[in-house]
Structure formats: structure tokens, C-alpha cells
Amino acid sequence: MNDFVFSQSKQNIMRIDILTLFPEMFNGPFSESMIKRAVEKGIAEIHIHNIRDYSTNKHKRVDDYAYGPGAGMVMTIQPVADCINKLMSERRYDAVIYTTPDGERLEQPRANHLSTLNNLIILCGHYKGVDERIREKYVTMELSIGDYVLTGGELAAMVISDSIIRLIPGVLSDETSALSDSFQNGLLSPPVYTRPAEYDGMKVPDILLCGDDKKIEEWRLEEAIKRTKERRPELLDDDQ
Ligand code: 6GU
């Protein structure tokens, strides 16, 4: 087995086990930036498992033809079940997530909830999907990241992991900044500016230079509402 591990510590931390047919895809995104920092600080542990390593087939096959007419391969039960069973014999999992375009769409409240859990399995869908019996027996949550089709569930697993890990206290340097994200209050974020106060004739709005924090917060809220009205009016509907 050559499961590789992004972790540095063994305390009570967020642990995500990702089951994939394409483990190498995770090298870049999980070795950089915020996730790297979370792993280095010992706040998160990400374990990538190559489903193929668990195949008992002599050719290490992990897929087979779908029953019935038509083209398309389906991920087989055995390697996925063996990998999940092994993990479940080692610790208790709070959720087994399957990434699939026909899952529920990931929204901020779900990411907030997942960030409070400890042990997660994410199974990355591929081909025409995994044998339905895996979904019935093991999967507790099926997630999509939007209404478009990706080649596989890996990018979705990375998006889900990122959205969760950044919310864990101590991951972001400014702890309040995750709370002021777009969507956390149901609004898009207001515009932001930094120095210089004037560049090539373009000025920062005067109010930001006035020194009155309360006024600036009011302005930010107005701008957030204005932007949300313009770009995502459906977010302002009460029945959403
Ligand atoms: Cl989770 N998987 C695939 N293959 N495509 C997607 C998706 C997931 N979410 C949106 N598109």
C-alpha cells in the first residue's frame, strides 16, 4: 500500500480520508496554502487512499461494465468496500460522503456543519459512478458542487475539503474573517480596497478613509446588499 498522508500530528483533529482512483491529483492543492498550513499546525489530517490498492482482482481492476444495455463502466464494490471497512475498523466516522453530480448541492451551511465533525470519509465518484450497493450500505451524504459535469469527483472532494478546513478555528490567521465571507450572512461580500488611496486617477471611496469604524461597517453592509441585489437577487428571497 502506498497511501500517502498529509499530516504532522495525532491530536483530536479534523481527519479526512479520501478514497480515489487518482491519488496524484491531490498532491498540488493539498500541499499549498491554507490546507498545508492546517496540516502543519496539526489542525487537520488528510489521508489519500488509492482504491486500486485494495482491488483483489489479479489485474487490479476497479471497474466493470454496467448491467443492461449501453456503454459505460461502473466502480466495483469490492475495493471500495474493503477500503471503507478497514477505515471503519480503525475509528468511528461522522459521515461518509460520496461526490456525485446527482448529490445535494454543497452550500455554506453544509460546510459549516461538516467543519464541526471529526472524522470524514470522502469517496470520489468516477465513470458512470459506483455500484449502488456501496451508496446504500456505506454512504451517509451525497454531494455535488454545482450543476455541471466534471470528469470525476476528485475536484469536488478538494472543494469540499477546502470549504470545511478553512472554517476550523486556528486555520485562518484572522479568525473572524471566515465569518465575514460571502454567504455567511446570506449576502455577497462588499468591495475591498488597500493602499494606495489613489492609483492612476482611481480613488478609494472617501468613507473608507474617514476613520469612523461604525460608518464604515454601515457602508459595507449597504454595499453588500447592493451587490447581492444586482448579482444574486435570489439570495435575498425569504423563502430560499
Ligand atoms: Cl461531485 N462529480 C462530478 N463528476 N461532477 C460534478 C460534481 C461531482 N459536482 C458537480 N459536478
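So, quick one to start: is Arg 135 buried or exposed? At 13% relative accessibility, Arg 135 counts as buried. Keep in mind that this is a predicted model.

What does Arg 135 pair with? Its side chain meets that of Glu 142 in a salt bridge, 2.8 Å from N to O. Glu 142 comes out as partly exposed, at 25% relative accessibility. And there's a bit more going on here: Asp 102, Glu 132, Arg 135 and Glu 142 are linked in a network of salt bridges.

Overall, the structure holds 19 salt bridges, so let me pick out two others. Arg 15 and Glu 45 pair up at 3.5 Å, N to O. Arg 15 sits in strand β2 and Glu 45 in strand β3, so this pair ties together parts that are 30 residues apart in sequence. Both of those residues are buried.

Then there's Asp 147 with Arg 105, at 3.3 Å, N to O. Asp 147 is in the loop between β8 and α6, while Arg 105 is in strand β6, so here the parts being tied together are 42 residues apart in sequence. Asp 147 is exposed, with a relative accessible area of 67%, and Arg 105 is partly exposed at 45%.

Now, cysteines. How many disulfides does the structure hold? Zero. Take Cys 83: the nearest cysteine sulfur belongs to Cys 124, and that's 11 Å away. Cys 83 is buried, at 0% relative accessible area, and Cys 124 is buried too, also at 0%.

Last thing, the domains. The assignment gives domain 1 as 4-165 and domain 2 as 182-235, and their C-alpha centres lie 37 Å apart.

Definitions and conventions: Residues numbered from 1 in each chain as written. Predicted model: local features only at pLDDT ≥ 70, side-chain atom pairs only at ≥ 80, totals over all residues. Heavy atoms only, no water. Disulfide = S-S within 2.5 Å. Buried < 20%, exposed > 50% of the residue type's maximum accessible area, 1.4 Å probe, protein only. Domains from an automatic or database assignment. Salt bridge = Lys/Arg side-chain N within 4 Å of Asp/Glu carboxyl O. Helix = DSSP H or I, 4+ residues; strand = E, 2+ residues; numbered from the N terminus.
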